[in-house]
Amino acid sequence: MDGFECAGHPGEDDVPALVLIPATVAAVSVPVIACGGIATGAGLAAALALGADGVSMGTRFLASQEAPVHSYVKRRIVEATELDTNLIMRQVNNTSRGARNIVSDEVLSRLRAGCAFADIQPLVAGARGRTVFETGDLDAGVWTVGLSQSLIDDVLSVAELVHRIVSQAESIISTRLREMVTPT
């Protein structure tokens, strides 16, 4: 399940992961993989505490050494805050979260002015977003990134990221959370 914080299409209901994870777990009898706003061991521990069976961290791994995207994209993720995204295409019931840039700002402007989808279609074409990832031109098109970019401050290998995230989660679960529930 994708919480509202996710990159790409968060749905039209704006339900954040903190609410959506336990609601989803209560509603289904299959394993739940949570995503949206999760980029650290603390996020993993929180998702597990809320009942998720695992997590997906798209934005976190987009900023990894192995991700096949230009280094300028990775650097932008490291430098960005949770306020550096735009929700576009809400007016056409196809909300998408992406990096705030010239193109996503233009899409917002046109839609707020009442244009039709056909008027923005060339701006939101997937080929333009692919150009961003390939060339590093951050204003070449719309490209997706989640709010969790504000939690990312380095570009490590996937092995290093997995080790750090799991170690952080284990530490939080075995120390901080245990101390909070153990009577003194």
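When I say helix today, I mean a DSSP run of H or I with at least four residues, and a strand is a run of E with at least two, both numbered from the N terminus. With that in hand, hello everyone, and thanks for coming. What you see above is a predicted model, so please keep that word in mind as we walk around it.

Let's begin with a tryptophan. Trp143 sits in the loop between H7 and H8. Is Trp143 buried or exposed? Its relative accessibility is 1%, and anything under 20% is called buried, so Trp143 counts as buried. Now look at what surrounds it. Setting aside residues up to four places away in sequence, Trp143 touches Val73, Arg76, Ile77, Gly98, Ala99, Asn101, Val132, Phe133 and Leu138. Leu138 appears a second time in this story: its backbone oxygen lies 3.3 Å from a polar atom of the Trp143 side chain. And if you'd like a distance to try on the model, take Trp143 and Ala125, which are 18 residues apart in sequence and 10.0 Å apart in space, C-alpha to C-alpha.

Trp143 also brings us to the largest pocket. A word on the idea first: rolling a probe the size of a water molecule over the atoms shows where empty space is left. In this model, the largest pocket holds about 150 Å³ of space. Which residues lie nearest its centre? They are Ser96, Val124, Val142, Trp143 and Thr144, out of a lining of 14 residues. H7 is the biggest contributor to that lining, giving four residues. By type, the lining has seven nonpolar residues, six polar ones and one charged.

Let's stay with one of those central residues, Ser96. You'll find Ser96 in strand S4, residues 96-99. It counts as buried because its relative accessibility is 6%. Beyond its sequence neighbours up to four places away, Ser96 touches Gly8, His9, Pro10, Asn86, Leu87, Ile88, Met89 and Thr144. Thr144, you may recall, is also among the residues nearest the pocket centre.

Just before S4, in the loop from strand S3 (85-88), is Asn93. Asn93 counts as exposed, because its relative accessibility is 62%. Its phi is near 55 degrees, a positive value in a residue other than glycine. Asp14 also has a positive phi, near 60 degrees. Asp14 is found in the segment before H1, and with a relative accessible area of 31% it is partly exposed.

That takes us into H1 itself, residues 17-27. Ala17, Ile21 and Thr24 are its buried residues. Seen down the axis of H1, these buried residues fall within an arc of 75 degrees, so they line one face of the helix. There is a general point behind that: an α-helix has 3.6 residues a turn, so residues three or four places apart point the same way. What covers the buried residues of H1? The cover includes strand S1 (33-34) and helix H2 (41-49). Turn to the face pointing away from the buried side, and you meet the exposed residues Leu18, Ala26 and Ala27.

Between S1 and H2 there is a loop, and Cys35 is in it. Cys35 counts as buried because its relative accessibility is 14%. Leaving out neighbours within four places, Cys35 is in contact with Met1, Asp2, Gly3, Ala17 and Ser56. Ala17 is one of the buried residues of H1 we just visited.

Now over to Asp154, in the loop between H7 (126-135) and H8 (158-181). Its relative accessibility is 18%, so Asp154 counts as buried. The side chain of Asp154 makes a polar contact with the side chain of Arg164, at 2.8 Å. Apart from residues up to four places away, Asp154 touches Arg60, Ala63, Val78 and Arg164.

One last stop: Arg110, in helix H5, residues 102-112. Is it buried, exposed or in between? Arg110 is partly exposed, because its relative accessible area is 31%. Not counting residues up to four places away, it touches Cys115, Asp119, Ile120 and Leu123. From Arg110 to Ile120 you go ten residues along the sequence and 7.4 Å through space, C-alpha to C-alpha.

That's the tour. Thanks for listening, and I'm happy to take questions!

Notes. Residues are numbered from 1 along each chain as its sequence is written. This is a predicted model: local features need pLDDT of at least 70, side-chain atom pairs count only at pLDDT 80 or more; totals for chains, interfaces and linings use all residues. Side-chain values use heavy atoms; hydrogens and water are left out. Buried means under 20% relative accessible area, exposed over 50%, partly exposed in between (1.4 Å probe, protein chains only). The arc is that of the directions from the helix axis to the C-beta atoms. Contact means heavy atoms within 4.5 Å. A polar contact is a pair of N or O atoms within 3.5 Å; within protein, one must be able to donate a hydrogen and the other to accept it, and residues adjacent in sequence count only if both atoms are side-chain atoms. On a 1 Å grid over the protein atoms alone, a cavity is a set of points where a 1.4 Å probe fits but cannot get out, and a pocket is an open set with protein on both sides within 12 Å along at least five of seven lines; lining residues have an atom within 4 Å of a point. Grid points are joined across faces, edges and corners, and a volume is the space filled by probe spheres set on the points. Ala, Val, Leu, Ile, Met, Phe, Trp, Tyr, Cys and Pro count as nonpolar, Asp, Glu, Lys and Arg as charged, and the others, Gly among them, as polar.
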